[in-house]
Amino acid sequence: MDATGADDIAIDTLVARLYAAFRTRDGAVAPVDTLREVFLPEAVIVKAVGPAPEVFDVTRFIETRRAILGDGGLRDFDEWELDARSERRGHVVHRWSLYRKVGVRDGVAFDVRGVKSLQCVDMPEGWRIASLVWDDARDGLALPERWDAA
């Protein structure tokens, strides 16, 4: 069964809050602390970009993102969802999210797309992310064909 109705809206909102937590474009201060309301406290977050995955708990993820977004090396950062596929089974939704991120790192502009895999769970207080894994498109790692035009 696919997510429908109010759950679609709730999950879309949850994912939008995830992406919005990193925005520093136009001088904004990234609201990374809002991630505590997006993730389960025990969530696992994995950055699969590069030769060895980095695994984070929620607190460490927030603190590393706060440092990256606040030290001046990364400016005018924005990240957003381009397309998504969600599938619901009971109280669980798996979402594949195609994203784009832009910004300036150490004086060099970048524009990258990638994919995130999110596992969301319906809690009494609402939908939360239980796990997140992401990787950026690059030489040797193409996006799924259905997303080539996005």
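Analyst: Let's call a residue buried if its relative accessible area is under 20%, exposed if over 50%, and partly exposed in between. The model here is predicted. By that cut-off, the buried residues of α3 are Val58, Phe61, Ile62, Arg65 and Leu69.

User: What makes you say that the buried residues of α3 line one face of the helix?

Analyst: Looking down the axis of α3, you find those buried residues within an arc of 95°, so they share one face. An α-helix has 3.6 residues a turn, so residues three or four places apart point the same way. As for what covers them, the list includes α2, β1, β2, β3 and β6.

User: How do you know that the length of α3 agrees with its 13 residues?

Analyst: At 1.5 Å a residue, taken over one less than the residue count, α3 should span 18 Å, and its end C-alpha atoms are 18 Å apart, so the two agree. The helix lies across β1, β2, β3 and β6, at about 60° to β1.

User: And α1, what span should its 16 residues have?

Analyst: The expected span is 22 Å and the end C-alpha atoms are 23 Å apart, which agrees. In this helix Asp7, Ile11, Leu14, Val15, Leu18 and Tyr19 are buried. They sit on the same side of α1, because their arc around the axis is only 135°. Over on the other side, Ala6 and Ile9 are exposed. The buried set packs against α2, β1, β3, β4, β5 and β6.

User: Why does Val15 count as buried?

Analyst: Its relative accessibility is 0%, and the cut-off is under 20%, so Val15 counts as buried. Val15 lies in α1. Skipping neighbours within four places in sequence, Val15 is in contact with Glu81, Arg95 and Leu118. There's also a long jump in sequence here: Val15 and Arg128 are 113 residues apart along the chain and 9.4 Å apart in space, C-alpha to C-alpha.

User: Is Asp76 buried, exposed or partly exposed?

Analyst: Asp76 has 34% relative accessibility, between the 20% and 50% cut-offs, so it counts as partly exposed. It is found in strand β3. Its phi is near 50°, a positive value in a residue other than glycine.

User: What about Asp26, buried or exposed?

Analyst: Its relative accessible area is 76%, which is over 50%, so Asp26 is exposed. Asp26 is in the loop between α1 and α2. Here too phi is positive in a residue other than glycine, near 60°.

User: Which residues touch the most other members of the largest nonpolar core?

Analyst: They are Leu18, Leu35, Phe39, Ile45, Phe61, Ile129 and Leu132, in a core of 33 residues. The elements giving it two or more residues are α1, α2, β1, α3, β3, β4, β5 and β6. Take Leu18: beyond neighbours within four places in sequence, it contacts Leu35, Val38, Phe39, Leu118, Ile129 and Leu132. In soluble globular proteins, nonpolar side chains tend to be buried together.

User: Now the sheet. In what order do the six strands stand?

Analyst: The order is β2-β1-β6-β5-β4-β3, in an open sheet with mixed pairing. Strands β2 and β3 stand at the edges: each has a single partner strand, so one side of each has no neighbour in the sheet. On average, neighbouring strands are turned by 20° against each other, direction ignored. Helix α1 packs on this sheet, touching β1, β3, β4, β5 and β6, and its direction makes about 50° with that of β6.

User: How many bridges join β1 to β6?

Analyst: Five, and those two strands run parallel. Two strands pair if they have at least two bridges, so five bridges pass that bar. One pair to look at is Val44, whose bridge partner in β6 is Ser131.

User: And how many join β1 to β2?

Analyst: Three, with the strands antiparallel. Ile45 stands opposite Phe56 in β2. The hairpin of β1 and β2 has six residues between the strands, and Gly50 takes a positive phi near 100° there.

User: In what sense do β4 and β5 pair?

Analyst: Antiparallel, over 14 bridges. Within that pairing, the bridge partner of Lys101 in β5 is Val112.

Note on methods
Residues numbered from 1 in each chain as written. Predicted model: local features only at pLDDT ≥ 70, side-chain atom pairs only at ≥ 80, totals over all residues. Heavy atoms only, no water. Helix = DSSP H or I, 4+ residues; strand = E, 2+ residues; numbered from the N terminus. Buried < 20%, exposed > 50% of the residue type's maximum accessible area, 1.4 Å probe, protein only. Core = buried A, V, L, I, M, F, W, Y, C linked by side-chain atoms within 4.5 Å. Contact = heavy atoms within 4.5 Å. Axes fitted to C-alpha atoms, helices over the stretch in contact; angles between N-to-C directions. Arc of directions from axis to C-beta.
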